[in-house]
Amino acid sequence: MNTPISWIKVYVPDLNCTDQEFRDAMTLSGTKVENFEKLDKNLDKIVVGQVKKIDRHPDADKLIVCQVDVGTETLQIVTGAPNVVEGGKYPVVLHGGKVAGGHDGGPLPENGIRITKGKLRGVDSFGMMCSIEELGSDRNFYPEAPESGIYPLPDDAEVGSDAIELLGLRDTVFEYEITSNRVDCYSVMGIAREAAATFNLKFNAPEVKATGNSEKAEDYLSVEVKDTELCPRFCARVVKNIKIGPSPWWMQRRLANCGIRPINNIVDITNYVMEEFGQPMHAYDYDMIAGHKIIVRRAGDGDRFVTLDGQERTLDNNILMICDGEKEIGMAGIMGGENSMITDDVKTMVFEAACFDGTNIRLSAKKVGLRTEASGKFEKGLDPETAKAAIDRACELVEQLGCGEVVGGCIDVYPDPVKESRVKLDSDAVNNLLGTSLTKEQMIEYLARVELKYDEATGDIVAPTWRQDIHWQADLAEEVARFFGYDRIPTTLPKGRATTGGISFAHEVEDVARETAMFLGFSEGMSFSFESPKVFDMLMIPEDDPARRAIRIMNPLGEDFSIMRTAPLHGLISSLATNYKRKNADVRLFELANIYIPKELPLRELPDERMQLALGFYGDGDFYVMKGVVEELFEKLGMKDKIHYDPKAERPYLHPGRKADIIYNGSNLGYLGEIHPQVLDNYGIEDRAYAAVIDMPAVMKFASFDIKYTGIANYPAVTRDVSVVVARDLPVGAIEECIEKAGKGILESYALFDLFESDKLGEGVKSVAYTMTFRRKDRTLEDKEVNEVMEKVFAGLEKIGAKLRV
């Protein structure tokens, strides 16, 4: 939000401070000033001069020698400007003065350009007449300026007076950072009201006078709002006998100093009211409104509409449109249509001032790729009460500037008027919150500065409708603090009990997983959550696999970032591939990141975001190394039960003979294995690589950091060894299940100590040997008890085809 200080002083005439004082005070009272720019920076000793006589330069055909009256003396000035005439008045910079830049309109030098007397082709010149570009502006803001040449001043300009003051450049433009909850401050009046409150001065709001002839607007036009949720208020007024022309000088200067290019009186009035009240307006050519009827409704899916900028937009049912009896004539709150634009031939027009749903305007503008200054204001949520005041102000300016005849009355569709907000004032609560000792009367005085009135009957503070941020006691406390002065609030120690901080159990599990991975030599990586649909083909995921049901991004950076990932392997393998291509040996990487599983498509609710621990390496290591990493992790997470591995896992991106799902207490917690050679080839890795993926939410159910201690055994242990010959493809897990099942109660531990394969044993078999430790906690074991358990072990082994090796 940019406002010139001169416009602020129209409403706060007693404001008298330096620019820096204004900046500091406004920022301290909550209206933060980002920076300010003095429009007369580097403009010095520039006065109104009148050319009395012009002679040809004796040695240059394109130069002339002018005798210029500057009020106190007549100076000789040499110039090459083609538009200088005798009797004309122009800005003249005197000897020793400064201009902002060159006549070419290029970037302005930091310290301007100093002008001194000198000679041009042998003729003395004691100053310089200025173009608008040399004064730091351009033809956008001074449309009457010539394309090349000196800027002509009006005939009634006083010779010798300050030309910079005359041009409206003795001004300072302040740029504010307005928070989204202070919609009222997106207007000059809102900033002026804040300035008056900050400096405790009177705020003089513009008095809008009644306008209009004896006719009725309803006889010219009808308005129907079909969606009052998206358009809670719609005001329309009619102006006939339009006279298009330039707006007055004062209006042009105020708009220009706000950064708005003056166009003509009608357009400038709508822009002026938008800046003054913060209420966007639009004007339609009355004769182009079919049936002289306005209908506010939603667009149809697939409708096409050409906006004022000549671009065709594709619409859908969520976009609110302004329509006539036959067609759409404007996108509500965004931009009008080319089919109803105001031209120089307009005879009668319709002013519109409405209030639209902010969220809908933001989404609609984003949908069609068109964000305007009007949509930027509407999307913040305007006050419906401002619409009527703004349209009346526009009609007042129409009559004041003599650019049309206002038809009496206003069509105002406002079925559900907004109500003022009320908050009970609790002075003790405010003082406790701020750490102050203000009286209730002092608080009421501070609040009254910004028109927050006190209702003595109820004890409520009544906030006007344009203060949409006043709802709670804390809001009142903030207003009091702003005008009492944050710098005056005494320093106090915080009150309350000390509490112990901490992290959630889920974060604790993730931290342990991260620390364990790093301890085992893995480095943490990070990859995008956005992926390409081509990833599924690179990982050889079948067409009917649920993993392909990914969420598509509505406005992706590109096809390679168009879906949310449903598996963590692509980012991990891509990182391994990058390291492989850079000749890095023995790389180990891990990543803790979310995958996004939609509950249904198209998406109707938030997806299931599941944290995954993905580990991968190539180089030194094999399947069993990765298996050991998983088991070490589970050990650190307090998961002491036996881990089972299912080699029948359907994982197309893993090697068919070196893969397994990880099963713990009957739950699938993830998978591990060697990455399929074809997948590695797709990523450009010519070495074996291994990966493991752990589903962290599933792990949370079993993880525990409770530590239980047991005493040293009081009774001796008994050990037994067994060596069996089994089929080569029989997993040792089957043997261990037999041992565990038979040894329940007295089996303390067991361990594999020998694995042997030889042709002497026979074809397709192997020898496996285990040592087992038995112990009771309450007494010494007898051989008979151990022998009974061993018999059960032998019986179980026979059932899976194992033979004792003797």
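These are my notebook entries on strand pairing, helix packing and cysteines in a predicted model.

**Entry 1: the sheet with β1, β2 and β11**

I began with the sheet that includes the N-terminal strand β1, and found an open sheet of 3 strands in the order β1-β11-β2, with antiparallel pairing. The edge strands are β1 and β2, each of which pairs on one side only, and the twist from one strand to the next averages 25°.

I then went through the pairings one at a time. Strand β1, residues 2-4, pairs with strand β11, residues 172-177, in the antiparallel sense over 3 bridges, and I noted that Pro4 has Val173 as its bridge partner in β11. On the other pairing, strand β2, residues 32-38, is joined to β11 by 6 bridges, and these two strands run antiparallel. Within that pairing I looked up two positions: Phe36 stands opposite Phe174 in β11, while Glu37 stands opposite Val173 in β11. I also recorded that helix α2 packs on this sheet, where α2 touches β2 and β11, and that the direction of α2 makes about 165° with that of β2.

**Entry 2: α2 against α4**

Having met α2 on the sheet, I asked at what angle α2 and α4 pack. Helix α2, residues 19-28, and helix α4, residues 188-198, pack at an angle of about 90°, with their axes 10 Å apart, which makes α2 roughly perpendicular to α4. For the contact itself I listed Phe22, Ala25 and Met26 in α2, which meet Ile191, Glu194, Ala195 and Thr198 in α4. Sorted by class, the residues of this contact divide into 5 nonpolar, 1 polar and 1 charged.

**Entry 3: α10 against α12**

I next looked up a helix pair further along the chain, and wrote down that α10, residues 427-434, packs with α12, residues 473-484, at an angle of about 65°, their axes being 9 Å apart. The two helices are therefore roughly perpendicular to each other, since angles of 65 to 115 degrees count as such, and the crossing of α10 and α12 is right-handed. On the α10 side I found Ala429, Val430, Leu433 and Leu434, and these meet Gln473, Ala474, Ala477, Val480 and Ala481 in α12. The contact of α10 with α12 has 8 nonpolar residues, 1 polar residue and no charged residues.

**Entry 4: the sheet from β12 to β20**

I turned to another sheet, an open one in which 5 strands follow the order β12-β15-β18-β19-β20 and the pairing is mixed. Its edge strands are β12, residues 222-225, and β20, residues 335-336, each pairing on one side only. Of the pairings in this sheet I examined the one between strand β15, residues 293-298, and strand β18, residues 320-323, which is antiparallel over 4 bridges; there, Val296 has Ile322 as its bridge partner in β18.

**Entry 5: cysteines**

How many disulfides does the structure hold? I found 0 disulfides. Cys17 is in no disulfide, and the nearest cysteine sulfur, that of Cys185, lies 17 Å away. I also checked Cys395, whose sulfur is 7.6 Å from the closest cysteine sulfur, in Cys410, and I noted this distance as too far for a bond, because a disulfide requires the sulfur atoms to be within 2.5 Å.

Key: Residues are numbered from 1 along each chain as its sequence is written. This is a predicted model: local features need pLDDT of at least 70, side-chain atom pairs count only at pLDDT 80 or more; totals for chains, interfaces and linings use all residues. Side-chain values use heavy atoms; hydrogens and water are left out. Axes are lines fitted to C-alpha atoms, for helices over the stretch in contact, and angles run from 0 to 180 degrees between N-to-C directions. Angles under 35 degrees count as roughly parallel, over 145 as roughly antiparallel, 65 to 115 as roughly perpendicular and the rest as oblique. A crossing is left-handed if the near helix is turned anticlockwise from the far one by less than a right angle, and right-handed if clockwise. Contact means heavy atoms within 4.5 Å. Ala, Val, Leu, Ile, Met, Phe, Trp, Tyr, Cys and Pro count as nonpolar, Asp, Glu, Lys and Arg as charged, and the others, Gly among them, as polar. Two strands pair if DSSP finds at least two bridges between them.
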